[in-house]
Amino acid sequence: MFRKTKTGPRELLSKQPFIKNRADLQKFLSYVKFAPYSTELVESFAQEFFRAQRALGKRGIIVINVYNALSEVLRLSSYDFAYPLVYTEKKVSHLLLARVHEVICENLRRILKRGINDCIFRIAGSENATPPYLPPSLFREYVVYYDYSLINIIQEHKAIAELHCHGKIGQVLESIASMHPDALDPIEPFPFGDITLERVKKKIGSKVCLIGNVPATGLLHYYNEQETEKCVRNAIKAGTPGGGFILSPTSFLSIGRFNATQENNIIQFIQSGLKYGQCYQFSSKPVRSDNDKISLQNLPKSPTPRE
């Protein structure tokens with residue numbers, strides 16, 4: 001949010017949190033009402049989605065980001081104000097989160113009802129409640145309580161629900177599994193995460209597709225080609241047995257123009273993925289031919305999330 005501030009005789013616009021103190025919070029809860037997406041906005045988004053889907057064809061799957069209630073509250077506020085609030089005043093915190101969550105759910109329903117469901121919906125924001133930010137008990141309270149319903153809405157409309165959660169997921173893995181997402185990313189290796197891909201695979205890999213495990217910071221900043229190949233090989237070795245693993249960098253590789261080292265690492269990542277991905281076979285079914293139709297509608301669904 002931009003607010004006017006006075007500097008001498010002139011007024012300047014400065015970027016400040018919408019909710020930066022208790023007075024702002026009270027005003028927000030008392031006066032601010034969110035309007036869900038209009039029919040015109042949903043239709044505009046749908047036309048853009050279907051256009052992109054036609055252009056993409058069989059070469060990939062569209063991923064739509066959905067930011068959860070905790071993430072949006074942190075955008076409205078500041079970490080200095082929001083984190084002490086969720087620790088000490090749960091009633092007010094839930095009131096604020098519920099207000100935001102309600103409109104997120106309604107917007108999601110409107111998009112899905114328009115037929116935008118042959119894609120992946122990637123729910124982001126839960127990493128803000130992993131250790132060391134919040135303890136596992138508050139992850140259950142501020143993430144599971146709200147995100148489970150987002151997953152449920154997505155799956156009820158026959159779309160794929162992917163939970164995006166950076167950081168130290170080891171202590172909250174059971175809570176994540178209890179929401180029954182179809183997929184989990186990015187499963188960061190040490191030192192970014194606190195649990196190995198092997199352990200995640202053993203604990204929830206039979207029920208949840210695992211995505212990631214190749215550090216984007218390594219590809220962009222400190223790996224060479226040999227280290228990139230080793231990292232890819234280790235990820236495929238740990239993640240692919242039994243199926244249900246998608247090799248991926250742990251975040252988007254979007255920094256603008258790549259230098260020579262970064263470009264070589266990204267090329268090596270792709271080549272190594274193709275090379276070592278051929279070493280594993282997961283089923284007796286024939287490999288998909290180029291003529292087969294790619295559609296998420298035909299994929300098996302995970303169980304409906306439980307309350």
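## Salt bridges, to start

A salt bridge here is a side-chain nitrogen of Lys or Arg within 4 Å of a carboxyl oxygen of Asp or Glu. One such pair is Lys-90 with Glu-141, whose side chains meet with an N to O distance of 3.5 Å. Lys-90 belongs to helix H5 (residues 90–113) and Glu-141 to helix H6 (residues 136–156), so this pair ties together parts that are 51 residues apart in sequence. Lys-90 is partly exposed at 37% relative accessibility, and Glu-141 is also partly exposed, at 23%. For these labels, buried means under 20% relative accessible area, exposed means over 50%, and partly exposed lies in between (1.4 Å probe, protein chains only).

## The model as a whole

Please keep in mind that this is a predicted model, in which local features need pLDDT of at least 70 and side-chain atom pairs count only at pLDDT 80 or more, while totals for chains, interfaces and linings use all residues. Residues are numbered from 1 along each chain as its sequence is written, and side-chain values use heavy atoms, with hydrogens and water left out.

The protein has 11 helices and 8 strands; these are DSSP runs numbered from the N terminus, with helices (H or I) of at least four residues and strands (E) of at least two. Of its 307 residues, 46% are buried. Contact means heavy atoms within 4.5 Å. Among contacts between residues at least 6 apart in sequence, 74% join residues at least 24 apart.

## Salt bridges within a helix

The structure holds 10 salt bridges, and here are two that stay inside a single helix. In helix H2 (residues 39–56), Arg-51 and Glu-48 sit 3 residues apart, about one turn of the helix. Their side chains form a salt bridge at 2.8 Å, N to O. Arg-51 is partly exposed, with a relative accessible area of 42%, and Glu-48 is partly exposed too, at 43%.

Helix H5 offers another pair: Arg-110 and Glu-106, 4 residues apart, about one turn of the helix. Their salt bridge spans 2.8 Å from N to O. Arg-110 is partly exposed at 31% relative accessible area, as is Glu-106 at 28%. Salt bridges that share partners also bring in Arg-109, giving one network of Glu-106, Arg-109 and Arg-110.

## How helices pack

Two packed helices are described by the angle between their axes and the distance between the axes. Axes are lines fitted to C-alpha atoms, for helices over the stretch in contact, and angles run from 0 to 180 degrees between N-to-C directions. Angles under 35 degrees count as roughly parallel, over 145 as roughly antiparallel, 65 to 115 as roughly perpendicular, and the rest as oblique.

Helix H4 (residues 79–88) packs on H5 at about 120 degrees, with axes 6 Å apart, and the two are therefore oblique to each other. Leu-85, Val-86 and Thr-88 of H4 and Lys-90, Val-92 and Ser-93 of H5 make the contact. These residues divide into 3 nonpolar, 2 polar and 1 charged (nonpolar: Ala, Val, Leu, Ile, Met, Phe, Trp, Tyr, Cys and Pro; charged: Asp, Glu, Lys and Arg; polar: the others, Gly among them).

Helix H8 (residues 197–204) and helix H10 (residues 225–239) pack at about 20 degrees, their axes 9 Å apart. That makes H8 roughly parallel to H10. On the H8 side, Leu-197, Glu-198 and Lys-201 meet Ala-235, Ala-238 and Gly-239 of H10. This contact divides into 3 nonpolar, 1 polar and 2 charged residues.
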